[in-house]
Amino acid sequence: MRRLHADLCRELRADYADLSKELKLPASFFDHLRLAFPLESYSTWKVVGWIETLNDLLYFLDVYQQLNIEQDRTDFSVQLFDECQEKFFEHGYFNDVFPSGRPQARGLGKRVFALCRRLAGELAQEALWFDPSLSVTWMRRQKMARWDVPGSLQDQFEKAELPGAIATGIAGAWCQAPQNKRRILSRSSGGVVFRVESSEIRVKIGRMVLPVWSELEKSGQWHWAYRSPVVAAQSKTGPVTVGPTLVYGKDRQPRRVKSTDRRQVERITRAWETIRLAWPDGHNVLALLTNRIIPLHARGVVSFSYRHRPGLSFINCFDRDNLDLIDDVIHENSHHHLNLLLRKNVMYRGDHNQQIFYSPWRRSLRPLRGILHATFTFTMGALLFLHLASWGAGHTGSVRWKQAGLSQRDLQRACFRCLEEVESVRYSLLDLQYADQQLGWLTSTGQQLVRELAAAIAHIEGSSRHFRRDVERSSFGPALRRHIRELQGARHSYGPIRVSESGA
């Protein structure tokens with residue numbers, strides 16, 4: 001990531017100097033940050049996410065430059081349409097560039113440049129507040145009288161930032177505007193200008209200018225209320241923090257960001273500790289790859305994470321019980337794990353994002369990428385439930401189980417979920433093997449991963465035999481049998497679908 005940071009700054013100066021000037025991108029300041037960031041910060045959700053956004057900006061700057069010299073804009077828009085669908089499946093970029101859902105060439109340049117302007121503004125604001133002292137120092141070295149950075153103090157959904165607040169640092173700290181100023185901000189739609197001067201940073205809201213941070217002899221002083229990150233757990237790699245809560249509406253779309261109730265922090269702490277006790281090896285990976293959790297208050301919305309924000313997990317804490325919470329924490333960490341492996345290795349190619357494989361979890365057709373992610377994450381889920389079942393067994397286990405806030409029915413459900421995931425993963429492993437052997441879509445690294453997943457699920461299947469009969473006789477037995485029949489039906493309906501049969 002540090003190398004990518006350097007490469008992007010170099011490209012920004014060498015290849016996009018004119019566009020950077022037009023967008024008021026402080027390329028040299030971005031490079032200044034690279035020299036100041038400690039090496040370990042390049043594994044944090046915030047710094048990596050910022051670098052990924054910078055990478056995305058350079059991609060669209062290149063698109064904009066190509067578009068201006070392109071002879072056949074219709075063909076170019078079709079190619080860009082397909083590429084955006086595959087490359088930015090987690091972002092809203094596709095909707096920004098193609099709001100009609102069609103490869104419309106008319107007005108494409110304006111839409112791409114508008115997206116570039118938005119990304120440039122977000123990057124500058126986030127960079128400004130990584131460390132205010134770095135911003136002030138850089139401005140003085142540039143011999144500038146002042147540096148104005150347009151920004152916003154609206155709530156930010158992708159990073160779960162509160163309205164009227166400024167996220168600062170790389171661990172989740174923030175400062176909040178005084179109450180009376182927050183009312184002014186709410187009436188001004190959150191749009192502000194951050195003004196960096198020789199020894200302070202102020203914010204301009206309409207005609208009003210307020211101090212936010214001042215430089216002192218050896219440190220800085222916040223004029224707004226400074227809030228340290230809320231810590232749920234400590235690990236060898238640093239604190240695990242809990243951010244504000246992201247609230248969804250009835251339409252399952254994010255509506256606002258609010259402060260997180262202390263009870264939810266305590267639930268996350270207990271879930272983290274349960275994983276540490278029940279599955280030490282799994283906890284070690286969790287502590288390495290997850291460093292911030294955002295609670296979701298969202299009925300019917302599953303927990304999620306972003307490829308471009310590694311270590312940041314959005315966990316539904318309000319519509320899920322304690323066992324679900326433990327499962328979701330491991331599940332999203334497993335996405336972080338696989339995304340890290342995919343950053344380091346090319347595991348598949350040539351699939352063209354074709355949705356031809358049935359997913360036992362979504363009950364719909366998914367591309368190879370989705371099946372690989374699901375198989376990996378639910379294998380980790382099966383391992384989790386196997387360890388939980390073992391940890392909760394017997395009299396001693398019953399005491400531990402109760403201390404973890406779990407019931408005896410949760411123990412039965414953990415056993416059921418283990419068996420359920422074994423069946424689902426076995427189904428998808430056959431499709432991954434088909435994608436490799438018949439379609440040639442897996443690389444040697446992808447083949448190795450699939451072999452390791454197959455070995456892991458075989459081990460889990462063998463280790464879970466001793467409680468399978470108990471599950472079949474329990475109230476979960478009918479659900480397990482129904483699940484197996486559904487998988488058999490799906491195999492009969494979809495089979496290993498050939499590309500020519502998929503209509504792709």
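Start by selecting helix α8, residues 132-141, in this predicted model. Colour Pro132, Leu134, Ser135, Val136, Trp138 and Met139: these are its buried residues. Now step just past the end of the helix. Lys143 follows α8, and its phi is positive, near 55°.

Keep α8 on screen and add His32, which sits in helix α3 (residues 27-36). Is His32 buried or exposed? It counts as buried, because its relative accessibility is 14%, and the cut-off for buried is under 20%. Which residues does His32 touch, not counting those up to four places away in sequence? Show Leu134, Trp138 and Arg141 as sticks: those are the ones. Leu134 and Trp138 should already be coloured, since you picked them out as buried residues of α8.

Next, select Phe30. Leave aside its neighbours within four places in sequence, and display what is in contact with it: His5, Cys9, Leu12, Leu25, Trp50, Leu54, Leu123, Ala124 and Ala127. Now add Phe60. Phe30 and Phe60 are the residues with the most contacts inside the largest nonpolar core, which has 68 residues. To see where the largest share of this core comes from, highlight helix α4, residues 45-69, which supplies twelve residues. There's another core to visit, lying apart from this one: 67 residues, including Ala232, Ile275, Ala287 and Ile460. As a general point, nonpolar side chains in soluble globular proteins tend to be buried together.

Time for some strands. Select β5, residues 200-205, and turn on the side chains. Which of them point to the buried face? Ile201, Val203 and Ile205 do, while Glu200, Arg202 and Lys204 point to the other face and are not buried. The side chains alternate along the strand, so flip the view to check both faces.

Now bring in β4, residues 191-196. β4 and β5 run antiparallel, with four bridges joining them, and a hairpin links the two through three residues. For a cross-strand pair to zoom in on, pick Phe194, which stands opposite Val203 in β5.

Then go to the other partner, β6, at residues 208-215. How many bridges join β5 to β6? Six, and again the strands run antiparallel. Select Ile201 together with Trp213, its bridge partner in β6. Finish at the turn: the hairpin of β5 and β6 has two residues between the strands, and Gly206 there takes a positive phi near 65°.

Notes: Residues are numbered from 1 along each chain as its sequence is written. This is a predicted model: local features need pLDDT of at least 70, side-chain atom pairs count only at pLDDT 80 or more; totals for chains, interfaces and linings use all residues. Side-chain values use heavy atoms; hydrogens and water are left out. A nonpolar core is a set of buried Ala, Val, Leu, Ile, Met, Phe, Trp, Tyr and Cys residues joined through side-chain atoms within 4.5 Å. Buried means under 20% relative accessible area, exposed over 50%, partly exposed in between (1.4 Å probe, protein chains only). Contact means heavy atoms within 4.5 Å. Two strands pair if DSSP finds at least two bridges between them.
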